[in-house]
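Colleague: Could you take me slowly through the charged pairs in this model, with each term explained as it comes up?

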Amino acid sequence: MTKEDREFLNRINDYANEVLGDIDPQKTQVSAQLQKLRPIMQTLAMEMQMPVEDIFIKYMDLASEAGVEREKELQADLAEGPATFSGMANTLK
């Protein structure tokens, strides 16, 4: 992910934290969540001279890529630690 892509993703995520902070994403329809994100996506669309739909697609692609990166980091962290539950428990002593 490029620096610009990360900044793009962070900008939307920061906005989302502000406007979606009080809602439960499991209980709120995706369409309602997207409606709350529309202002930042429209701003980015104007800045980047792209359709809002393309901004949404780019956001979803980058969010997926970031999720894969986090999963790889988690797996690497787990691989470095004790391999079994009892091994983890023994490290707590």
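Modeller: Let us begin with one pair: lysine 58 forms a salt bridge with aspartate 5, and their closest N and O atoms are 3.7 Å apart. A salt bridge here is a side-chain nitrogen of Lys or Arg within 4 Å of a carboxyl oxygen of Asp or Glu. This is a predicted model, in which local features need pLDDT of at least 70 and side-chain atom pairs count only at pLDDT 80 or more, while totals for chains, interfaces and linings use all residues. Residues are numbered from 1 along each chain as its sequence is written, and side-chain values use heavy atoms, with hydrogens and water left out.

Colleague: Which helices hold lysine 58 and aspartate 5?

Modeller: Helices (H or I, at least four residues) are DSSP runs, numbered from the N terminus. The pair links distant parts of the chain, 53 residues apart. Lysine 58 lies in helix α3 (residues 52-80), and aspartate 5 lies in helix α1 (residues 3-19).

Colleague: Is aspartate 5 buried or exposed?

Modeller: The classes rest on relative accessible area, where buried means under 20%, exposed over 50%, and partly exposed in between, with a 1.4 Å probe and protein chains only. Lysine 58, at 23%, counts as partly exposed. Aspartate 5 has a relative accessibility of 17%, so aspartate 5 counts as buried.

Colleague: What is the distance between the closest N and O atoms of arginine 6 and glutamate 69?

Modeller: These two residues also link distant parts of the chain, as arginine 6 is in helix α1 and glutamate 69 in helix α3, 63 residues apart. Arginine 6 is partly exposed at 34%, and glutamate 69 is partly exposed at 27%. They form a salt bridge in which the closest N and O atoms are apart by 3.1 Å.

Colleague: Which residue meets arginine 11 in a salt bridge?

Modeller: Arginine 11 is in helix α1, and its partner, 36 residues apart from it, is in helix α2 (residues 30-48). The partner is partly exposed at 48%, while arginine 11 is partly exposed at 34%. The side chains meet at 2.7 Å, N to O, and the partner is glutamate 47.

Colleague: How many salt bridges are there by this rule?

Modeller: Side chains of opposite charge can pair when their charged atoms come close. In this protein, whose elements run α-α-α-α from the N terminus on, the pairs include lysine 58 with aspartate 5 and arginine 6 with glutamate 69. By this rule, the number of salt bridges is three.
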